[in-house]
Amino acid sequence: MLLADCVPIPLVADMSPEAFDPEELGGIGSPADVWSMGCVMVEMLTGVVPFRGMQLQQISRAVVDRRRTPDVPEDAPAADVLRRCFVYFANERATAAALEHALAPAPQATERPIAATLPAEVASLVAAVERLTVEKTVA
């Protein structure tokens, strides 16, 4: 598929409840961005835009009136936090920091010298060979 063949999809599908009804639901803030980011992640995981095929008013009614949320795949990375991106009330929604923490890569183990991973007898033999190599190089 070429980029020119793609039809732009309005960002309406990524709108949070408070984005549809800011006066009633307390205004728009960073929790609305978390909702939108969750929608983008669901689309990346599934290849399907949330609320695909629905018009603006249908999406608004689904999100605000019926409290419908995008479906998060069970096997999604950090699925529990991703689901919390779609909590109806903004002040109860996951934060960007919680999402970042849940998706952060695991820290890498620090590298240790090979000798540190070997049994003591083998490690002492490796050390002796290293000494001989150094002695020959210096001589």
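## Close-up views of a predicted helical model

**View 1. Glu18 sits in helix α1.** Welcome to this tour of a predicted model. Our starting residue, E18, has its place in helix α1, a stretch that covers residues 17-20. Is E18 buried or exposed? With a relative accessible area of 1%, E18 is buried. Look next at what its side chain does: one polar contact, of 2.7 Å, joins it to the side chain of R93. Another polar contact links the side chain of E18 with that of S16, at 3.2 Å. If you set aside residues up to four places away in sequence, E18 touches L25, G27, I28, P31, A32, Y88, A90 and R93.

**View 2. A90 and E18 come together from separate parts of the chain.** Now let us visit one of the residues that E18 touches, A90. Where is A90 found? A90 lies in the loop between α5 (79-84) and α6 (96-103). Along the chain, A90 and E18 are 72 residues apart, and their C-alpha atoms are separated by 7.4 Å. Which residues does A90 contact, leaving aside its neighbours within four places in sequence? They are E18 and P31. P31 also appears among the residues touched by E18.

**View 3. Helix α3 runs from residue 30 to residue 46.** Here is a helix whose length you can check for yourself. At 1.5 Å a residue, the 17 residues of α3 should span 24 Å, and the end C-alpha atoms are 24 Å apart, which agrees. Which residues of α3 are buried? They are A32, V34, W35, G38, C39, M41 and V42. A general point helps when you look at such a list: an α-helix has 3.6 residues a turn, so residues three or four places apart point the same way. The cover over the buried residues of α3 includes α1, α4, α5 and α6. Just after the helix comes G47, and its phi is positive, near 80 degrees.

**View 4. The largest nonpolar core brings together 23 residues.** Which residues have the most contacts inside this core? They are F20, I59, V63, V72, L82, C85 and F86. Helices α3, α4 (56-65) and α5 each supply at least two residues of the core. Of the contributors, α3 gives the most, with five residues. Pick out V72 for a closer look: not counting residues up to four places away in sequence, V72 touches V42, A79, L82, R83 and F86. Among these, V42 is one of the buried residues of α3.

**View 5. C39 and C85 are both buried, but they are not bonded to each other.** Each of these cysteines has a relative accessible area of 0%, as given for C39 and for C85. Why is there no disulfide between them? A disulfide needs two cysteine sulfur atoms within 2.5 Å. The closest cysteine sulfur to that of C39 is in C85, 8.8 Å away, so the two are too far apart for a bond. Starting from C85 leads back to C39, again at 8.8 Å and too far for a bond. The count of disulfides comes to zero.

**View 6. F51 and R67 are two loop residues with positive phi.** F51 is found in the loop between α3 and α4. Its phi is about 60 degrees, a positive value, although F51 is not a glycine. F51 is buried, with a relative accessible area of 6%. R67 is found in the loop between α4 and α5. R67 is not a glycine either, and its phi is positive, near 55 degrees. Is R67 buried or partly exposed? R67 is partly exposed, with a relative accessible area of 47%.

**View 7. Stepping back, the protein chain has seven helices and zero strands.** Read along the sequence, the pattern is α-α-α-α-α-α-α. What share of the 139 residues is buried? Buried residues make up 24% of them. Now consider contacts between residues at least 6 apart in sequence: 55% of these join residues at least 24 apart. The accessible surface of the protein chain comes to about 10000 Å², and 59% of that belongs to carbon and sulfur atoms.

Key. Residues numbered from 1 in each chain as written. Predicted model: local features only at pLDDT ≥ 70, side-chain atom pairs only at ≥ 80, totals over all residues. Heavy atoms only, no water. Buried < 20%, exposed > 50% of the residue type's maximum accessible area, 1.4 Å probe, protein only. Helix = DSSP H or I, 4+ residues; strand = E, 2+ residues; numbered from the N terminus. Contact = heavy atoms within 4.5 Å. Areas by Shrake-Rupley, 256 points an atom, 1.4 Å probe, with all protein chains shown as cover. Core = buried A, V, L, I, M, F, W, Y, C linked by side-chain atoms within 4.5 Å. Expected span 1.5 Å × (residues − 1). Polar contact = N/O pair within 3.5 Å; in protein donor to acceptor, adjacent residues only side chain to side chain.
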